[in-house]
Amino acid sequence: MDPILAADLERFPELLSDARDRAVRALAGLPTRPVGVSPTTPEPAALPVEGIGAQGAAARFHQRWEPGFSGSAGPRYLGFVTGGTTPAALVGDWLTGTYDQNAVSAQDSSAAELERETVRWLGELFGLGTHHRGTFVSGATMSNFTGLAIAREWVGERIGVSPAESGAAALGDVPVLSGSPHSTIYKALSMLGLGRGAVHLVPTLPDREAVDVERLAAALADLGGRPAIVVANAGTVNSVDFDDLRAIAELRERFPFWLHVDGAFGAFAALSPAHAHLVDGIAEADSVCVDLHKWLNVPYDSAVQFSTRPDLQVRIFQNSAAYLGLPGENPDFVHLTPESSRRLRALPTWFALTAYGNVGHREIVERTAGLARFLGERIAALPGLRLLAPVRFNVVCFTLEDDPTEAAVAALARALAETGELFLTPTVYKGVPALRAAFSNWRTTEQDVERVAEAIARARA
């Protein structure tokens, strides 16, 4: 054994204790750490010929790279839709690395059964039925990819071909209908060989991002019975608008289509009695995407996908190596996801759900949604700013009152980031450049929102 590696093994408990101490200091410093930092690149370093051991590597990391990390785990990072990591989820994540289970097979470990239990709990959390089966994937992109891959196979089943066997070209054009599809839908369709151009944008309701169901019905009727894919939104990225899922599902009585629901963060409305009506009908979906490293506050990367046709899923993702065995009635995950080897992503989620339950996560959802409304009220009262959409759930979308050009909005975003108080991401809503503040971090408090509002006011002064 390499002598440096042998020395690290002998000092392993001390090294882990040192890592723990560094992590504790980093977490304790989140309230004062700059939320966003300007990326810097240290002088290039050569690949070490002889290593310096784990302690030396930690010291070098903290000297060269750690100062450039953002405070994205903290309470005032409101860019994208970014959660933090609850204490239980972090414990689960550390143990995930410790046990290092490859969770694709049940041949040698109970890890796969732990994942199945966790997926079942998540299905209950989001109000899905027992007919939905699920698997962990890396994020919303792969969750949407997996759901749309199954949808592609379903279209093939309807016309008597299997794209998993014959390729996507065997299908011809596959119409994908949606009102406000997320960018990952286009990315997934590109990877699946259906093409970004497969998307048929259906008009939305006036001043909304929710699809007009009557116009959707008309678009389906125009297909003349041709099977299609409908992508419905449970929470759009700019205004957190929700399609009428139940009304869309009922259209399947008249038209043949696969219903995929992108509920990356909006699916968490199911946890809140005040918002659960927004996802009424989600249990009727054929496939569902939910991101967990957003509002469940587990570490990156973690998401889940659900579908009602695991048989089609196996047809697509089956890994037919002899040493992996054949998929049976309860197929291993190696036959259900794009990945063959992967970490036990379910463990941090299992810890979080066990530690805080439905009630604890409901509190996070309801509190952060309330904080979004609070910030919306503060911004609406600030001179020179205006809300572009009602604060329906957990995102505040706003812009400059006068001349909101892309350059002016980008300059405001930079000015806010440079304060170190908050981080927002730019967007375009209904053709208007804007900023969006997305709430999903379990640490965020009313005091944080006050600091955010004051920083925005100062930047506009």
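**Salt bridges, pockets and a buried arginine**

In the predicted model, Asp-311 has a relative accessibility of 42% and is therefore classed as partly exposed. This residue is paired with Arg-309 in a salt bridge, in which the closest N and O atoms lie 2.8 Å apart. Both residues also belong to a network of salt bridges that includes Glu-157. In total, 21 salt bridges were found in the structure.

Among them is the bridge between Arg-345 and Asp-301, with 2.9 Å between the closest N and O atoms. This pair joins distant parts of the chain, the two residues being 44 residues apart. Arg-345 is located in the loop between helix H11 (310–317) and helix H12 (346–380), while Asp-301 is located in the loop between strand S6 (287–291) and strand S7 (303–307). The partners fall into separate accessibility classes: Arg-345, at 6% relative accessibility, is buried, whereas Asp-301, with a relative accessible area of 32%, is partly exposed. Arg-345 also forms a salt bridge with Glu-339, where the closest N and O atoms are 2.8 Å apart. Glu-339 has a relative accessibility of 23% and so counts as partly exposed.

Arg-345 and Asp-301 appear again in the lining of the largest cavity, together with Asp-93, Pro-299, Tyr-300, Ser-302, Arg-343 and Pro-348. By class, this lining consists of four charged, three nonpolar and one polar residue. The volume of the largest cavity is about 40 Å³, and the count of cavities of 30 Å³ or more is one.

Arg-152 presents another case of a buried arginine. This residue is part of helix H6, which spans residues 140–159. Arg-152 is buried but takes part in no salt bridge. The nearest side chain of opposite charge belongs to Glu-153, at 5.1 Å; a salt bridge requires a side-chain nitrogen of Lys or Arg within 4 Å of a carboxyl oxygen of Asp or Glu, so the pair does not qualify. When neighbours within four places in sequence are set aside, the contacts of Arg-152 are Pro-163, Ala-168, Leu-171, Leu-192, Leu-194 and Ile-229.

Pockets were examined as well. The largest pocket has a volume of about 850 Å³. Its lining is made up of 27 residues, and those nearest the centre are Ala-26, Leu-27, Phe-69, Ala-73 and Leu-90. At least two lining residues come from each of helix H2 (12–28), helix H3 (53–64) and helix H4 (87–99). H2 provides the largest share, with four residues. The lining of the largest pocket divides into 13 nonpolar, nine polar and five charged residues.

The second largest pocket holds about 540 Å³ of space. It is lined by 29 residues, with Val-81, His-182, Ser-183, Val-237 and Lys-294 nearest its centre. Contributions of at least two residues each are made by H6, helix H8 (183–191) and strand S10 (425–429). H6 is also the helix that holds Arg-152. In the lining of the second largest pocket, 15 residues are polar, nine are nonpolar and five are charged.

How values were computed. Residues are numbered from 1 along each chain as its sequence is written. This is a predicted model: local features need pLDDT of at least 70, side-chain atom pairs count only at pLDDT 80 or more; totals for chains, interfaces and linings use all residues. Side-chain values use heavy atoms; hydrogens and water are left out. Buried means under 20% relative accessible area, exposed over 50%, partly exposed in between (1.4 Å probe, protein chains only). Lys and Arg count as positive and Asp and Glu as negative; His and the chain ends are not counted. Contact means heavy atoms within 4.5 Å. On a 1 Å grid over the protein atoms alone, a cavity is a set of points where a 1.4 Å probe fits but cannot get out, and a pocket is an open set with protein on both sides within 12 Å along at least five of seven lines; lining residues have an atom within 4 Å of a point. Grid points are joined across faces, edges and corners, and a volume is the space filled by probe spheres set on the points. Ala, Val, Leu, Ile, Met, Phe, Trp, Tyr, Cys and Pro count as nonpolar, Asp, Glu, Lys and Arg as charged, and the others, Gly among them, as polar.
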